[in-house]
Amino acid sequence: VDEAFTRIHDVDGDVQAFLTLNEEAAREEAKAIDENGSAEDAILSGMPIGIKDNMVTKGLKTTCASHILENYDPLYDATVVEKVKAQKAITIGKLNMDEFAMGSSTETSSFAITKNPWDLERVPGGSSGGSAAAVAAGEVLFALGTDTGGSIRQPSAFCGVVGMKPTYGRVSRYGLVAFASSLDQAGPITRTVEDNAYLLETISGLDRHDSTSADLAVPHYAAALTGDIKGLRVAVPKEYLGEGIDELVKANIRAAIKQLESLGAVVDEVSLPHSKYAVPAYYIIASSEASANLARFDGVRYGVRAETNDLIDMYNKSRSEGFGDEVKRRIMLGTFALSSGYYDAYYKKAQQVRTLIKQDFEKVFKDHDIIVGPTTPTTAFKIGENIDDPLTMYANDLLTIPVNLAGIPAISLPCGLADGLPVGLQMIGRPFGEETLYRAAHAYEQ
Ligand code: GLN
(Lines give C-alpha, C1' and ligand atoms only; values in the text may rest on other atoms or scores of the structure.)
Protein backbone atom coordinates (compact mmCIF):
# COMPACT_ATOMS: atom_id res chain seq x y z
CA VAL A 1 0.00 0.00 0.00
CA ASP A 2 2.92 2.31 0.78
CA GLU A 3 4.44 1.49 -2.58
CA ALA A 4 1.16 2.14 -4.36
CA PHE A 5 0.88 5.63 -2.89
CA THR A 6 4.54 6.41 -3.55
CA ARG A 7 4.08 5.42 -7.16
CA ILE A 8 0.81 7.37 -7.44
CA HIS A 9 2.44 10.52 -6.05
CA ASP A 10 5.30 10.05 -8.55
CA VAL A 11 3.36 9.40 -11.74
CA ASP A 12 -0.32 10.22 -11.37
CA GLY A 13 0.24 13.92 -11.97
CA ASP A 14 1.02 12.83 -15.56
CA VAL A 15 -1.21 9.77 -15.96
CA GLN A 16 -4.26 11.13 -14.09
CA ALA A 17 -5.81 7.72 -13.52
CA PHE A 18 -7.30 8.55 -10.12
CA LEU A 19 -10.18 10.94 -9.37
CA THR A 20 -10.22 10.36 -5.61
CA LEU A 21 -7.64 8.84 -3.28
CA ASN A 22 -8.51 6.93 -0.12
CA GLU A 23 -5.08 7.40 1.38
CA GLU A 24 -5.70 7.77 5.09
CA ALA A 25 -8.19 4.92 5.40
CA ALA A 26 -6.10 2.66 3.14
CA ARG A 27 -2.94 3.15 5.22
CA GLU A 28 -4.89 2.40 8.39
CA GLU A 29 -6.35 -0.79 6.96
CA ALA A 30 -2.89 -1.90 5.84
CA LYS A 31 -1.48 -1.19 9.28
CA ALA A 32 -4.22 -3.22 10.92
CA ILE A 33 -3.31 -6.20 8.72
CA ASP A 34 0.39 -5.74 9.55
CA GLU A 35 -0.38 -5.69 13.25
CA ASN A 36 -3.13 -8.25 13.55
CA GLY A 37 -2.77 -10.33 10.43
CA SER A 38 -5.88 -11.24 8.46
CA ALA A 39 -7.77 -14.45 8.02
CA GLU A 40 -5.58 -16.97 6.22
CA ASP A 41 -8.22 -17.60 3.63
CA ALA A 42 -8.50 -13.93 2.61
CA ILE A 43 -7.15 -14.30 -0.91
CA LEU A 44 -6.36 -10.63 -1.58
CA SER A 45 -5.03 -9.78 1.84
CA GLY A 46 -3.33 -6.36 1.78
CA MET A 47 -3.46 -6.06 -2.03
CA PRO A 48 -3.88 -2.51 -3.37
CA ILE A 49 -6.93 -2.19 -5.61
CA GLY A 50 -8.42 0.72 -7.57
CA ILE A 51 -12.16 0.97 -8.17
CA LYS A 52 -13.82 2.50 -11.24
CA ASP A 53 -15.79 5.56 -10.21
CA ASN A 54 -19.17 4.12 -11.28
CA MET A 55 -19.12 1.60 -8.41
CA VAL A 56 -20.58 2.98 -5.21
CA THR A 57 -18.25 3.08 -2.23
CA LYS A 58 -19.55 3.89 1.22
CA GLY A 59 -18.16 7.20 2.43
CA LEU A 60 -15.95 7.59 -0.66
CA LYS A 61 -17.17 9.98 -3.35
CA THR A 62 -18.60 8.28 -6.45
CA THR A 63 -18.95 10.65 -9.40
CA CYS A 64 -19.19 8.55 -12.60
CA ALA A 65 -16.85 11.31 -13.85
CA SER A 66 -19.94 13.54 -14.14
CA HIS A 67 -20.70 16.98 -12.75
CA ILE A 68 -24.18 15.77 -11.92
CA LEU A 69 -22.70 13.46 -9.25
CA GLU A 70 -19.70 15.53 -8.23
CA ASN A 71 -20.90 15.75 -4.62
CA TYR A 72 -22.37 12.24 -4.32
CA ASP A 73 -21.28 10.34 -1.23
CA PRO A 74 -22.88 6.86 -1.26
CA LEU A 75 -24.42 5.26 1.81
CA TYR A 76 -23.45 1.71 0.89
CA ASP A 77 -20.90 -0.40 -0.96
CA ALA A 78 -21.57 -2.09 -4.31
CA THR A 79 -21.55 -5.88 -3.96
CA VAL A 80 -18.24 -6.11 -5.86
CA VAL A 81 -16.71 -3.60 -3.45
CA GLU A 82 -18.07 -5.51 -0.45
CA LYS A 83 -16.56 -8.68 -1.86
CA VAL A 84 -13.06 -7.30 -2.41
CA LYS A 85 -13.19 -5.85 1.10
CA ALA A 86 -14.20 -9.25 2.49
CA GLN A 87 -11.03 -10.71 0.89
CA LYS A 88 -9.04 -7.89 2.56
CA ALA A 89 -7.99 -6.03 -0.56
CA ILE A 90 -7.33 -2.37 0.20
CA THR A 91 -9.14 0.33 -1.75
CA ILE A 92 -6.55 2.86 -2.90
CA GLY A 93 -8.98 5.19 -4.65
CA LYS A 94 -11.53 5.79 -7.38
CA LEU A 95 -10.54 5.66 -11.01
CA ASN A 96 -11.32 7.98 -13.88
CA MET A 97 -13.63 6.91 -16.70
CA ASP A 98 -15.74 8.29 -19.51
CA GLU A 99 -18.77 10.10 -18.09
CA PHE A 100 -21.32 7.42 -17.10
CA ALA A 101 -19.07 4.92 -18.96
CA MET A 102 -20.06 6.41 -22.32
CA GLY A 103 -16.98 6.58 -24.47
CA SER A 104 -13.89 4.74 -25.65
CA SER A 105 -11.09 7.09 -24.65
CA THR A 106 -11.77 8.53 -21.15
CA GLU A 107 -11.96 11.92 -22.88
CA THR A 108 -15.65 12.36 -21.98
CA SER A 109 -14.77 12.48 -18.25
CA SER A 110 -15.89 15.83 -16.80
CA PHE A 111 -12.81 16.05 -14.58
CA ALA A 112 -9.61 14.86 -16.29
CA ILE A 113 -8.24 13.11 -19.35
CA THR A 114 -6.32 10.01 -18.32
CA LYS A 115 -3.14 9.47 -20.35
CA ASN A 116 -1.85 6.18 -21.72
CA PRO A 117 1.25 5.29 -19.65
CA TRP A 118 2.96 3.94 -22.82
CA ASP A 119 2.69 7.32 -24.54
CA LEU A 120 1.26 10.28 -22.68
CA GLU A 121 -0.04 11.82 -25.91
CA ARG A 122 -2.35 8.89 -26.43
CA VAL A 123 -5.64 7.81 -24.85
CA PRO A 124 -5.73 4.85 -22.45
CA GLY A 125 -8.98 3.71 -24.06
CA GLY A 126 -12.29 3.72 -22.27
CA SER A 127 -14.50 3.77 -20.60
CA SER A 128 -12.43 2.03 -17.87
CA GLY A 129 -9.36 4.03 -18.96
CA GLY A 130 -8.39 5.00 -15.42
CA SER A 131 -8.51 1.35 -14.33
CA ALA A 132 -6.29 0.08 -17.15
CA ALA A 133 -3.86 3.02 -16.94
CA ALA A 134 -3.46 2.63 -13.15
CA VAL A 135 -2.50 -1.03 -13.54
CA ALA A 136 -0.22 -0.35 -16.53
CA ALA A 137 1.54 2.50 -14.70
CA GLY A 138 2.23 0.27 -11.69
CA GLU A 139 0.02 2.33 -9.38
CA VAL A 140 -2.10 -0.65 -8.30
CA LEU A 141 -1.89 -4.40 -8.92
CA PHE A 142 -5.64 -4.86 -9.23
CA ALA A 143 -8.46 -2.74 -10.61
CA LEU A 144 -12.15 -3.15 -11.23
CA GLY A 145 -13.77 -1.94 -14.43
CA THR A 146 -17.13 -2.31 -16.16
CA ASP A 147 -17.79 -3.43 -19.71
CA THR A 148 -21.05 -2.55 -21.49
CA GLY A 149 -19.61 -2.55 -25.00
CA GLY A 150 -15.90 -3.16 -24.55
CA SER A 151 -14.98 -0.88 -21.70
CA ILE A 152 -12.79 -3.40 -19.85
CA ARG A 153 -11.21 -5.07 -22.87
CA GLN A 154 -10.49 -2.07 -25.10
CA PRO A 155 -8.57 -0.06 -22.44
CA SER A 156 -6.79 -3.26 -21.35
CA ALA A 157 -5.67 -3.74 -24.95
CA PHE A 158 -4.52 -0.12 -25.31
CA CYS A 159 -2.59 -0.22 -22.03
CA GLY A 160 -1.07 -3.71 -22.36
CA VAL A 161 -2.81 -5.33 -19.37
CA VAL A 162 -5.22 -8.23 -18.81
CA GLY A 163 -8.98 -7.50 -18.67
CA MET A 164 -11.91 -9.91 -18.39
CA LYS A 165 -15.55 -9.18 -19.26
CA PRO A 166 -17.37 -12.02 -17.50
CA THR A 167 -20.57 -13.73 -18.67
CA TYR A 168 -23.65 -11.55 -18.08
CA GLY A 169 -24.90 -12.62 -14.63
CA ARG A 170 -21.57 -13.91 -13.34
CA VAL A 171 -20.95 -10.76 -11.27
CA SER A 172 -23.58 -8.78 -9.37
CA ARG A 173 -24.45 -5.35 -10.76
CA TYR A 174 -25.81 -4.13 -7.42
CA GLY A 175 -24.24 -0.77 -6.69
CA LEU A 176 -22.87 -0.19 -10.20
CA VAL A 177 -24.35 2.98 -11.62
CA ALA A 178 -26.46 1.53 -14.45
CA PHE A 179 -25.67 2.49 -18.04
CA ALA A 180 -27.35 -0.28 -20.10
CA SER A 181 -28.64 -2.86 -17.66
CA SER A 182 -28.90 -5.76 -20.12
CA LEU A 183 -25.25 -5.34 -21.13
CA ASP A 184 -23.32 -4.02 -18.08
CA GLN A 185 -20.88 -6.37 -16.33
CA ALA A 186 -18.07 -5.62 -13.88
CA GLY A 187 -14.74 -7.39 -14.19
CA PRO A 188 -11.07 -7.49 -13.22
CA ILE A 189 -8.12 -5.64 -14.78
CA THR A 190 -4.66 -6.86 -13.75
CA ARG A 191 -1.10 -7.40 -14.97
CA THR A 192 -1.27 -11.18 -15.15
CA VAL A 193 -3.85 -13.81 -15.99
CA GLU A 194 -3.36 -15.44 -12.59
CA ASP A 195 -4.14 -12.23 -10.68
CA ASN A 196 -7.14 -11.78 -12.92
CA ALA A 197 -8.44 -15.25 -12.04
CA TYR A 198 -8.17 -14.52 -8.31
CA LEU A 199 -10.00 -11.21 -8.63
CA LEU A 200 -12.82 -12.72 -10.71
CA GLU A 201 -13.25 -15.49 -8.13
CA THR A 202 -13.52 -12.79 -5.46
CA ILE A 203 -16.24 -10.71 -7.14
CA SER A 204 -18.39 -13.47 -8.71
CA GLY A 205 -21.53 -15.15 -7.43
CA LEU A 206 -25.24 -14.99 -6.77
CA ASP A 207 -26.46 -11.83 -5.06
CA ARG A 208 -29.99 -11.42 -3.74
CA HIS A 209 -29.75 -7.72 -4.62
CA ASP A 210 -29.39 -8.47 -8.36
CA SER A 211 -32.04 -10.74 -9.84
CA THR A 212 -29.92 -11.23 -12.97
CA SER A 213 -26.96 -12.63 -11.05
CA ALA A 214 -26.53 -16.34 -11.74
CA ASP A 215 -27.12 -19.06 -9.19
CA LEU A 216 -24.07 -21.04 -10.22
CA ALA A 217 -21.11 -22.15 -8.09
CA VAL A 218 -18.01 -19.96 -8.45
CA PRO A 219 -15.03 -22.00 -9.62
CA HIS A 220 -11.52 -21.59 -8.23
CA TYR A 221 -10.44 -20.07 -11.55
CA ALA A 222 -6.72 -20.20 -10.79
CA ALA A 223 -6.95 -24.02 -10.77
CA ALA A 224 -7.66 -23.84 -14.52
CA LEU A 225 -4.17 -22.45 -15.22
CA THR A 226 -2.60 -25.78 -16.13
CA GLY A 227 -0.61 -24.60 -19.12
CA ASP A 228 -2.16 -27.40 -21.17
CA ILE A 229 -4.22 -26.46 -24.23
CA LYS A 230 -3.57 -29.56 -26.32
CA GLY A 231 -6.58 -30.23 -28.51
CA LEU A 232 -8.27 -26.90 -27.69
CA ARG A 233 -10.49 -26.04 -30.67
CA VAL A 234 -9.90 -22.41 -31.62
CA ALA A 235 -12.07 -20.49 -34.09
CA VAL A 236 -10.79 -17.40 -35.89
CA PRO A 237 -13.63 -15.35 -37.42
CA LYS A 238 -12.65 -14.03 -40.82
CA GLU A 239 -14.49 -10.75 -40.04
CA TYR A 240 -12.05 -10.16 -37.17
CA LEU A 241 -9.05 -10.15 -39.47
CA GLY A 242 -10.75 -8.40 -42.36
CA GLU A 243 -11.35 -4.87 -43.55
CA GLY A 244 -10.81 -1.98 -41.18
CA ILE A 245 -8.33 -3.82 -38.98
CA ASP A 246 -4.84 -2.31 -38.90
CA GLU A 247 -2.21 -4.43 -40.68
CA LEU A 248 0.25 -4.29 -37.79
CA VAL A 249 -2.46 -5.44 -35.39
CA LYS A 250 -3.32 -8.31 -37.73
CA ALA A 251 0.33 -9.41 -37.90
CA ASN A 252 0.56 -9.66 -34.11
CA ILE A 253 -2.69 -11.60 -33.89
CA ARG A 254 -1.59 -14.01 -36.61
CA ALA A 255 1.65 -14.65 -34.70
CA ALA A 256 -0.35 -15.29 -31.52
CA ILE A 257 -2.56 -17.78 -33.34
CA LYS A 258 0.59 -19.60 -34.58
CA GLN A 259 1.78 -19.76 -31.01
CA LEU A 260 -1.51 -21.26 -29.83
CA GLU A 261 -1.15 -23.85 -32.60
CA SER A 262 2.36 -24.69 -31.50
CA LEU A 263 0.97 -25.30 -28.01
CA GLY A 264 -1.38 -27.90 -29.44
CA ALA A 265 -4.51 -25.91 -30.23
CA VAL A 266 -6.42 -26.80 -33.39
CA VAL A 267 -7.29 -23.66 -35.35
CA ASP A 268 -10.12 -23.15 -37.88
CA GLU A 269 -11.40 -20.15 -39.76
CA VAL A 270 -15.10 -19.41 -39.16
CA SER A 271 -17.59 -16.64 -39.91
CA LEU A 272 -19.71 -14.43 -37.65
CA PRO A 273 -21.78 -13.02 -40.50
CA HIS A 274 -23.91 -10.58 -38.46
CA SER A 275 -21.04 -8.97 -36.59
CA LYS A 276 -21.13 -5.98 -38.96
CA TYR A 277 -24.54 -5.04 -37.52
CA ALA A 278 -23.38 -5.12 -33.91
CA VAL A 279 -22.32 -1.48 -33.57
CA PRO A 280 -25.57 0.03 -34.89
CA ALA A 281 -27.71 -2.43 -32.88
CA TYR A 282 -25.67 -1.68 -29.74
CA TYR A 283 -26.05 2.07 -30.04
CA ILE A 284 -29.85 1.73 -30.25
CA ILE A 285 -30.12 -0.74 -27.36
CA ALA A 286 -27.50 0.81 -25.05
CA SER A 287 -28.78 4.36 -25.62
CA SER A 288 -32.41 3.28 -25.09
CA GLU A 289 -31.56 1.66 -21.77
CA ALA A 290 -29.38 4.61 -20.79
CA SER A 291 -32.18 7.10 -21.48
CA ALA A 292 -34.35 5.23 -18.97
CA ASN A 293 -31.59 4.60 -16.40
CA LEU A 294 -30.41 8.21 -16.39
CA ALA A 295 -33.92 9.55 -15.74
CA ARG A 296 -33.18 9.18 -12.01
CA PHE A 297 -30.66 12.04 -12.14
CA ASP A 298 -33.22 14.79 -11.76
CA GLY A 299 -31.59 17.07 -9.22
CA VAL A 300 -33.87 15.74 -6.48
CA ARG A 301 -32.59 12.34 -5.47
CA TYR A 302 -28.86 12.56 -6.15
CA GLY A 303 -26.13 14.96 -6.88
CA VAL A 304 -26.16 18.51 -8.07
CA ARG A 305 -29.36 20.63 -8.03
CA ALA A 306 -29.74 23.84 -10.03
CA GLU A 307 -31.02 26.89 -8.11
CA THR A 308 -34.52 27.89 -9.21
CA ASN A 309 -38.02 28.01 -7.74
CA ASP A 310 -39.82 26.13 -10.50
CA LEU A 311 -39.83 22.30 -10.43
CA ILE A 312 -39.71 21.64 -14.18
CA ASP A 313 -37.12 24.35 -14.62
CA MET A 314 -35.08 22.72 -11.84
CA TYR A 315 -35.13 19.33 -13.61
CA ASN A 316 -34.16 20.95 -16.91
CA LYS A 317 -31.38 23.09 -15.52
CA SER A 318 -29.92 20.37 -13.27
CA ARG A 319 -29.74 17.97 -16.23
CA SER A 320 -28.52 20.51 -18.80
CA GLU A 321 -25.78 21.75 -16.51
CA GLY A 322 -24.95 18.37 -14.96
CA PHE A 323 -24.57 16.10 -18.01
CA GLY A 324 -21.86 16.45 -20.65
CA ASP A 325 -22.35 16.34 -24.43
CA GLU A 326 -21.84 12.62 -25.00
CA VAL A 327 -24.31 11.68 -22.27
CA LYS A 328 -26.87 14.09 -23.70
CA ARG A 329 -26.34 12.63 -27.16
CA ARG A 330 -27.12 9.12 -25.82
CA ILE A 331 -30.20 10.27 -23.86
CA MET A 332 -31.60 11.97 -26.97
CA LEU A 333 -30.82 9.00 -29.23
CA GLY A 334 -32.37 6.55 -26.75
CA THR A 335 -35.45 8.65 -26.10
CA PHE A 336 -36.00 8.97 -29.84
CA ALA A 337 -35.54 5.23 -30.47
CA LEU A 338 -38.08 4.34 -27.77
CA SER A 339 -40.68 6.93 -28.72
CA SER A 340 -44.04 5.67 -29.94
CA GLY A 341 -44.11 5.11 -33.66
CA TYR A 342 -40.36 4.44 -33.85
CA TYR A 343 -40.12 1.53 -31.44
CA ASP A 344 -40.67 -1.18 -34.07
CA ALA A 345 -38.31 0.40 -36.57
CA TYR A 346 -35.39 0.85 -34.16
CA TYR A 347 -35.52 -0.80 -30.76
CA LYS A 348 -37.37 -3.94 -31.80
CA LYS A 349 -35.23 -4.30 -34.92
CA ALA A 350 -32.07 -3.92 -32.87
CA GLN A 351 -33.24 -6.64 -30.47
CA GLN A 352 -33.85 -8.95 -33.42
CA VAL A 353 -30.35 -8.28 -34.72
CA ARG A 354 -29.07 -9.01 -31.23
CA THR A 355 -30.60 -12.48 -31.42
CA LEU A 356 -28.93 -13.12 -34.79
CA ILE A 357 -25.56 -12.11 -33.34
CA LYS A 358 -26.05 -14.45 -30.40
CA GLN A 359 -26.95 -17.28 -32.78
CA ASP A 360 -23.75 -16.66 -34.82
CA PHE A 361 -21.75 -17.36 -31.66
CA GLU A 362 -23.85 -20.40 -30.69
CA LYS A 363 -23.18 -21.93 -34.07
CA VAL A 364 -19.42 -21.51 -33.76
CA PHE A 365 -19.37 -22.84 -30.19
CA LYS A 366 -21.04 -26.08 -31.32
CA ASP A 367 -17.65 -27.33 -32.40
CA HIS A 368 -15.13 -24.85 -31.00
CA ASP A 369 -14.01 -24.07 -27.44
CA ILE A 370 -12.92 -20.45 -27.89
CA ILE A 371 -12.89 -17.71 -30.51
CA VAL A 372 -9.72 -15.68 -31.01
CA GLY A 373 -9.05 -12.34 -32.69
CA PRO A 374 -7.91 -8.79 -31.96
CA THR A 375 -9.59 -6.78 -29.19
CA THR A 376 -9.47 -3.53 -31.16
CA PRO A 377 -8.97 -2.55 -34.81
CA THR A 378 -6.01 -0.27 -33.96
CA THR A 379 -3.61 0.48 -31.14
CA ALA A 380 -4.17 3.50 -28.86
CA PHE A 381 -5.03 6.65 -30.80
CA LYS A 382 -3.94 10.20 -30.01
CA ILE A 383 -5.82 12.37 -27.52
CA GLY A 384 -8.17 14.62 -29.50
CA GLU A 385 -7.96 12.48 -32.65
CA ASN A 386 -11.51 11.02 -32.54
CA ILE A 387 -13.39 12.98 -29.92
CA ASP A 388 -15.18 15.27 -32.38
CA ASP A 389 -16.20 12.38 -34.59
CA PRO A 390 -18.62 10.13 -32.68
CA LEU A 391 -19.03 7.63 -35.52
CA THR A 392 -15.30 6.90 -35.78
CA MET A 393 -15.19 6.64 -32.00
CA TYR A 394 -18.12 4.21 -32.01
CA ALA A 395 -16.52 2.08 -34.74
CA ASN A 396 -13.61 1.41 -32.42
CA ASP A 397 -15.82 -1.04 -30.51
CA LEU A 398 -16.55 -3.20 -33.54
CA LEU A 399 -14.80 -6.29 -32.15
CA THR A 400 -15.87 -6.03 -28.51
CA ILE A 401 -19.57 -5.12 -28.75
CA PRO A 402 -20.86 -8.45 -30.24
CA VAL A 403 -19.73 -10.18 -27.03
CA ASN A 404 -21.88 -7.90 -24.83
CA LEU A 405 -24.90 -8.32 -27.08
CA ALA A 406 -24.54 -12.10 -26.76
CA GLY A 407 -23.89 -11.95 -23.00
CA ILE A 408 -20.79 -14.17 -23.24
CA PRO A 409 -17.35 -13.81 -21.60
CA ALA A 410 -14.17 -12.49 -23.23
CA ILE A 411 -10.66 -11.63 -22.08
CA SER A 412 -8.12 -9.25 -23.59
CA LEU A 413 -4.45 -9.94 -22.99
CA PRO A 414 -1.21 -8.36 -24.14
CA CYS A 415 0.04 -9.65 -27.48
CA GLY A 416 3.25 -7.81 -28.24
CA LEU A 417 3.78 -4.30 -29.53
CA ALA A 418 3.06 -2.62 -32.85
CA ASP A 419 5.10 0.54 -33.42
CA GLY A 420 5.86 0.58 -29.71
CA LEU A 421 2.22 0.35 -28.59
CA PRO A 422 0.48 -2.66 -27.00
CA VAL A 423 -1.81 -4.90 -29.06
CA GLY A 424 -4.65 -6.80 -27.37
CA LEU A 425 -5.50 -10.43 -28.12
CA GLN A 426 -9.16 -11.19 -27.48
CA MET A 427 -10.39 -14.65 -26.51
CA ILE A 428 -14.15 -15.18 -26.44
CA GLY A 429 -15.81 -18.08 -24.61
CA ARG A 430 -19.07 -19.95 -24.11
CA PRO A 431 -21.51 -18.71 -21.46
CA PHE A 432 -19.80 -19.28 -18.09
CA GLY A 433 -16.71 -20.57 -19.91
CA GLU A 434 -14.32 -18.26 -18.03
CA GLU A 435 -12.16 -21.20 -16.89
CA THR A 436 -11.37 -22.18 -20.49
CA LEU A 437 -10.51 -18.57 -21.31
CA TYR A 438 -8.14 -18.34 -18.36
CA ARG A 439 -6.51 -21.66 -19.27
CA ALA A 440 -5.92 -20.56 -22.86
CA ALA A 441 -4.82 -17.04 -21.89
CA HIS A 442 -2.40 -18.35 -19.28
CA ALA A 443 -0.89 -20.91 -21.67
CA TYR A 444 -0.35 -18.15 -24.23
CA GLU A 445 1.06 -15.70 -21.69
CA GLN A 446 3.72 -18.18 -20.48
N1 GLN B 1 -17.47 2.63 -26.00
C2 GLN B 1 -18.76 2.06 -25.77
C3 GLN B 1 -19.78 3.16 -25.50
O4 GLN B 1 -19.40 4.29 -25.50
C5 GLN B 1 -18.70 1.09 -24.65
C6 GLN B 1 -18.73 1.69 -23.31
C7 GLN B 1 -18.73 0.69 -22.20
O8 GLN B 1 -18.46 -0.48 -22.38
N9 GLN B 1 -19.06 1.19 -21.04
O10 GLN B 1 -20.94 2.90 -25.31
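User: What does buried mean for a residue in this predicted model?

Analyst: In this predicted model, buried means under 20% relative accessible area, exposed means over 50%, and partly exposed covers what lies in between.

User: Why is Asp 298 called buried or exposed, as the case may be?

Analyst: Asp 298 has 9% relative accessibility, and because buried means under 20%, Asp 298 counts as buried.

User: What makes the contact of Arg 301 with Asp 298 a salt bridge?

Analyst: The side chains of Arg 301 and Asp 298 come to 3.0 Å, N to O, and since a salt bridge requires a side-chain nitrogen of Lys or Arg within 4 Å of a carboxyl oxygen of Asp or Glu, the pair is counted as one. Arg 301, at 56% relative accessibility, counts as exposed, whereas its partner Asp 298 counts as buried.

User: How do you know that Lys 358 and Glu 362 form a salt bridge, and where do they lie?

Analyst: Their side chains meet at 3.6 Å, N to O, which satisfies the cut-off of within 4 Å. Both residues belong to helix α11 (residues 344–366), where they are 4 residues apart, about one turn of the helix.

User: Why is Lys 358 called partly exposed?

Analyst: Lys 358 has a relative accessible area of 39%, and because partly exposed lies between under 20% and over 50%, that term applies to Lys 358.

User: What makes the approach of Arg 330 to the ligand a polar contact?

Analyst: A polar side-chain atom of Arg 330 lies 2.7 Å from an oxygen atom of the ligand, and a polar contact is a pair of N or O atoms within 3.5 Å. Of the area that the ligand exposes when taken alone, 300 Å², the protein buries 100%.

Conventions. Residues numbered from 1 in each chain as written. Predicted model: local features only at pLDDT ≥ 70, side-chain atom pairs only at ≥ 80, totals over all residues. Heavy atoms only, no water. Polar contact = N/O pair within 3.5 Å; in protein donor to acceptor, adjacent residues only side chain to side chain. Areas by Shrake-Rupley, 256 points an atom, 1.4 Å probe, with all protein chains shown as cover. Buried < 20%, exposed > 50% of the residue type's maximum accessible area, 1.4 Å probe, protein only. Helix = DSSP H or I, 4+ residues; strand = E, 2+ residues; numbered from the N terminus.
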